Amino acid sequence: MDAILPVTDKQRTRSRLWYVTPDHKPRGFIQSHALEELWFHTGTACNLACAFCLEGSKPGDDRLNLLRFHDAKPFIDEALHLHVKQFSFTGGEPFVNKDLIRILDYALQYRPCMVLTNATEPLLKRLLQLESLHKQPNTLHFRVSLDHFVAEMHDKERGEGMFAMALQGLRALHDSGFRISVASQSIAGLSVNQIADGYAAVFRRAGLPENIPRIEFPEFYPPDSKVATPQITRSCMIDYQTGSARRQFMCAFSRMVVKNGEECRVYACTLVDDDPDYALAVTLTESLQIPVSMKHHRCYSCFRFGASCSEIKR
Ligand code: SF4
């Protein structure tokens with residue numbers, strides 16, 4: 001199905017800007033074609049407090065509540081009916097959430113899973129519990145945040161010693177046989193090769209493979225930031241995106257479950273949980289019927305740079 005259809009979401013009220021740009025042009029939209037990846041937001045609590053965090057996470061933070069096993073299970077079951085290919089988990093720091101191992105143990109019975117982590121104390125404390133997940137038939141993959149290949153640059157926001165601890169976590173996960181990758185923000189002023197060489201040297205010194213897959217993200221800014229980006233209109237989506245390019249937007253093939261207060265809602269993707277317009281529905285099935293507006297400033301990163309949190313092969 002084409003991804004530029006006008007909105008048919010009759011049943012709920014969203015802000016006017018969901019539908020039109022500030023200068024009254026029709027918005028661009030994405031119509032989802034499948035649920036290939038289901039993300040769970042495990043809660044915004046984190047053991048670290050980085051100023052740049054796109055989730056605004058910090059110790060004790062409850063902007064988004066901790067997701068419990070009984071919250072996640074119905075969505076896992078519904079997603080299986082919708083032929084999901086993978087479950088993925090982000091936070092906050094997912095290992096701050098006491099229910100994460102139980103959720104993974106259940107989800108891994110059915111599909112591969114991926115967890116985004118800072119690989120510091122909350123993960124290191126659970127390494128023994130993680131071993132038990134090897135008994136499940138599907139693979140578990142960890143994406144570890146390593147902001148820079150220079151320790152001082154990583155530790156500037158995350159705190160002294162966090163670079164070394166993250167490498168310790170990465171090494172422990174790798175030695176235990178889990179799949180690993182590394183996430184960073186894009187690093188300005190260096191060539192692609194210089195960055196790749198910098199990370200390869202760090203991995204080598206840590207006793208890790210030099211070619212660990214890496215994913216770089218543009219600046220997303222903290223929640224509720226007012227960021228001036230070009231507006232994405234309906235004609236932008238036609239003139240600058242092909243049909244197959246529109247299918248690569250995360251909101252075309254994934255959703256994220258978020259617990260707000262006591263209620264779980266299905267959001268359009270991993271990048272828009274600070275805007276209630278993107279809380280599409282309370283079930284996955286209903287959420288897939290709702291065309292997703294390109295109104296969030298982070299949509300421009302998807303439009304312009306092809307930003308995506310997904311690592312599934314498509
Ligand atoms: S941030 Fe990207 S994936 Fe999310 S709704 Fe916007 S365009 Fe879609």
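Q: Buried means under 20% relative accessible area, exposed means over 50%, and partly exposed lies in between (1.4 Å probe, protein chains only). Which residues of α2 are buried?
A: They are L100, I101, I103, L104, Y106 and A107. The model is predicted: local features need pLDDT of at least 70, side-chain atom pairs need pLDDT 80 or more, and totals for chains, interfaces and linings use all residues. Residues are numbered from 1 along each chain as its sequence is written, and side-chain values use heavy atoms, without hydrogens or water.

Q: What makes α2 a helix, and why is it described as mostly covered?
A: Helices are DSSP runs of H or I with at least four residues, strands are runs of E with at least two, and both are numbered from the N terminus. Helix α2 spans residues 100–107, and 6 of its 8 residues are buried.

Q: What do the buried residues of α2 pack against?
A: Contact means heavy atoms within 4.5 Å. The buried residues of α2 pack against α1, β3 (86–90), β4, α4 (127–131) and β5.

Q: How do you know that K58 and D61 form a salt bridge?
A: A salt bridge needs a side-chain nitrogen of Lys or Arg within 4 Å of a carboxyl oxygen of Asp or Glu. K58 and D61 have N to O at 2.5 Å, so the pair qualifies. Side chains of opposite charge can pair when their charged atoms come close.

Q: Why is D61 called buried, and K58 partly exposed?
A: D61 has a relative accessible area of 13%, so it counts as buried. K58 is at 39%, so it counts as partly exposed.

Q: What does the salt bridge between K259 and D71 tie together?
A: The side chains of K259 and D71 meet at 2.9 Å, N to O. K259 lies in strand β8 (residues 254–260) and D71 in helix α1 (residues 69–81), so the pair links parts 188 residues apart in sequence. K259 is buried, at 6%. D71 is buried too, at 10%.

Q: Where do R171 and D175 lie, and what makes them a salt bridge?
A: Their side chains meet at 3.0 Å, N to O. Both residues sit in helix α6 (residues 162–175), 4 residues apart, about one turn of the helix. R171 is partly exposed, at 34%. Elsewhere, salt bridges that share partners join E55, R63 and D273 into one network. The whole structure holds 15 salt bridges.

Q: Why are β7 and β10 called edge strands of the sheet?
A: Two strands pair if DSSP finds at least two bridges between them. The open sheet has 9 strands in the order β7-β6-β5-β4-β3-β2-β8-β9-β10, with mixed pairing. β7 (214–217) and β10 (279–281) each have a single partner strand, so one side of each lacks a neighbour in the sheet. Neighbouring strands are turned by 30° against each other on average, direction ignored.

Q: How do you know that β4 and β5 pair?
A: Strand β4 (residues 113–117) and strand β5 (residues 140–145) are joined by 5 bridges and run parallel. T117 has V144 as its bridge partner in β5. β6 and β7 also pair in the parallel sense, over 4 bridges. There, Q185 has F217 of β7 as its bridge partner.

Q: What does helix α7 touch, and at what angle to β7 does it run?
A: Helix α7 (residues 192–205) packs on the sheet, touching β6 (179–185) and β7, and its direction makes about 130° with that of β7. Axes are lines fitted to C-alpha atoms, for helices over the stretch in contact, and angles run from 0 to 180 degrees between N-to-C directions.

Q: Which side chains of β7 point to the buried face?
A: I215 and F217 point to one face and are buried, while R214 and E216 point to the other and are not. In a regular strand the side chains alternate between the two faces of the sheet.

Q: What makes a space a cavity, and how many are there?
A: On a 1 Å grid over the protein atoms alone, a cavity is a set of points where a 1.4 Å probe fits but cannot get out, and lining residues have an atom within 4 Å of a point. Grid points are joined across faces, edges and corners, and the volume is the space filled by probe spheres set on them. The search finds 2 cavities of 30 Å³ or more. The largest holds about 630 Å³. It is lined by 32 residues, and C53, L54, L116, S145 and R158 are the closest to its centre. β6 gives the most to this lining, with 3 residues.

Q: Why is G189 called exposed?
A: G189 has a relative accessible area of 80%, so it counts as exposed. G189 is found in the loop between β6 and α7. Its C-alpha atom is 22 Å from that of C53.

Note on methods:
1 Å grid on protein atoms, 1.4 Å probe; cavity = no way out; pocket = protein on both sides within 12 Å on 5 of 7 lines; lining within 4 Å.
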